[in-house]
Structure formats: structure tokens, C-alpha cells
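Student: Please take me closely through one part of this model rather than giving a survey of everything. I would like a single connected account that moves from the overall layout down to individual residues.

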Amino acid sequence: MKKLIVIFSLFLLLGANAFSQEMKENGIIYITHPYIDMVNNSMNAYVKQDNAAFGKIYSDTAKFWASGMDKPIGIADAIKMWSTDFKFYDSIKVLTVGYPDYLHYKDHDSKIVQSWWTWVGKSKRTGATVKVDFVQFDGFNSAGKIDFEGMYGDFSKMEKEK
């Protein structure tokens, strides 16, 4: 019986300790911020095929990755890849879904914009409209440029060069 009381007491003590963790903030979430504007500008540059604008937005060493890719690629290769979308599609639009957030984490001073989008294009081959919903994460370096961009969505619907 004493063992049972000791075990029960330890359980209560450890359980109470687990629930008494002090809450601690690790950063701030912004609904408006210049980095959000930069992500919006990058989408506008993509739709307008304004490759010169990308130099103001992305660092020279930026990496890009999207669902279905084996590994991240450099930004120069990403820009070439993005331009192929316009070989296969007309009327390309990228629509904002909800609103983006800028997350500034204290830990490692991480600066991330997360945003939700719908990519829309009309296939030149079939005339069908293709829509792809995706979430995007853009990381910023200390110079205020995007140094990593990752996208999660079902891009398998989109035609690409083989």
C-alpha cells in the first residue's frame, strides 16, 4: 500500500509539474510588414514576367523548392523554370487566399512570410483552366531579401517540358 501511495504521489507531482510550464513568447506575427509587400511583389513580377524585378527581391544565393522537387534549386534556375509556365498557359493569375503573415521568431532571428495562393492558368493545348492551391514560405536574410522559398501544393496538374 505504501508503494502505491508513493507512486501515486510521484505521478501527481510530475503531472502537476508538466502542466505548470510557464508560457513564453518566441516572436511576433504581423499582418502588415514590408516583407509581406516583397512577397506580393514577387508574385506580381512572376505574373508580369518581370525577371529584372526578381533581382531586387531575391538574394543571389536564394534557393527555391516546390512539392515534387527532389531538392532546392538556385534562384536563376527557378526563374527559368517559372518562365516555362507561360509556354503552356495563357491568362495566368495568382490569387491571394486569405492574407499572408510575417512571423519574426526570436529563436535564431528567423524571418518568415507564410502566404496562401491559388495559381490559375488556361492551357494553350487543351483550353482547360487549371487551378492549383498552394502555401508558400519565404525566408528573409539580414539584408532583407528572400533567401529561401518553399511551396506546398499539387503542382502535378501543371504541364511542364519533359
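Tutor: What follows is a close look at the sheet and at some of the strands, loops and side chains that belong to this picture.

The model is a predicted one, and its protein contains four helices and seven strands, which come along the sequence in the pattern α-β-α-α-β-β-α-β-β-β-β. Of its 162 residues, 37% count as buried, and the accessible surface comes to about 10800 Å², with 59% of that area belonging to carbon and sulfur atoms. Among the contacts between residues at least 6 apart in sequence, 57% join residues at least 24 apart.

The seven strands make up an open sheet with mixed pairing, in the order 1-4-5-6-7-2-3. Strand 1 (27-30) and strand 3 (73-74) stand at the edges and have a single partner strand each, so one side of each is left without a neighbour in the sheet. Helix 2, residues 34-48, packs on the sheet and touches strand 1, strand 2 (58-66), strand 4 (89-105), strand 5, strand 6 and strand 7 (146-153). The direction of helix 2 makes an angle of about 165° with that of strand 4.

Within the sheet, the run from strand 5 to strand 7 can be followed residue by residue. Strands of a sheet pair through backbone hydrogen bonds, in either a parallel or an antiparallel manner. Strand 5 (residues 111-123) and strand 6 (residues 129-140) run antiparallel and are joined by eleven bridges, while seven bridges join strand 6 to strand 7, again in an antiparallel arrangement. One path across these strands starts at V113, whose bridge partner in strand 6 is D138, and it continues from D138 to E149, the bridge partner of D138 in strand 7.

The turns between these strands can be described in a similar way. The hairpin of strand 5 and strand 6 has five residues between the strands, and there G127 takes a positive phi near 80°. Strand 6 and strand 7 also form a hairpin with five residues between them, in whose turn G144 has a positive phi of about 85°.

The loop between strand 4 and strand 5 calls for separate attention. Most residues other than glycine have a negative phi. H108, which lies in the loop between strand 4 and strand 5, nevertheless has a positive phi, near 65°, and D109, placed in that loop too, has a positive phi of about 50° although it is not a glycine. As for their surroundings, H108 is exposed because its relative accessible area, 69%, lies over the 50% cut-off, whereas D109 is partly exposed, with a value of 40%.

From D109 the account passes to charged side chains. Side chains of opposite charge can pair when their charged atoms come close. A search of the whole structure finds two salt bridges, and D109 takes part in one of them with K111, the closest N and O atoms being 2.8 Å apart. K111 has a relative accessibility of 13% and therefore counts as buried, the cut-off being under 20%. In the other salt bridge the side chains of K124 and D90 meet at 4.0 Å, N to O. That pair links distant parts of the chain, since K124 sits in the loop between strand 5 and strand 6 and D90 in strand 4, 34 residues apart. K124 counts as partly exposed at 44% relative accessibility, and D90 counts as partly exposed at 40%.

A last stop is S83, which is found in helix 4, residues 75-88. A polar atom of the S83 side chain lies 2.6 Å from the backbone oxygen of K80. S83 and Q49 are 34 residues apart in sequence, yet their C-alpha atoms are 7.1 Å apart in space. With a relative accessible area of 32%, S83 is partly exposed, because that value falls between the 20% and 50% cut-offs.

To return to the sheet, the path V113 to D138 and D138 to E149 is a convenient one to trace on the display, with G127 in the hairpin of strand 5 and strand 6 and G144 in the turn between strand 6 and strand 7 as markers.

Methods
Residues are numbered from 1 along each chain as its sequence is written. This is a predicted model: local features need pLDDT of at least 70, side-chain atom pairs count only at pLDDT 80 or more; totals for chains, interfaces and linings use all residues. Side-chain values use heavy atoms; hydrogens and water are left out. Helices (H or I, at least four residues) and strands (E, at least two) are DSSP runs, numbered from the N terminus. Buried means under 20% relative accessible area, exposed over 50%, partly exposed in between (1.4 Å probe, protein chains only). Contact means heavy atoms within 4.5 Å. Accessible areas come from the Shrake-Rupley method with a 1.4 Å probe; for residues, only the protein chains shown count as cover. Two strands pair if DSSP finds at least two bridges between them. Axes are lines fitted to C-alpha atoms, for helices over the stretch in contact, and angles run from 0 to 180 degrees between N-to-C directions. A polar contact is a pair of N or O atoms within 3.5 Å; within protein, one must be able to donate a hydrogen and the other to accept it, and residues adjacent in sequence count only if both atoms are side-chain atoms.
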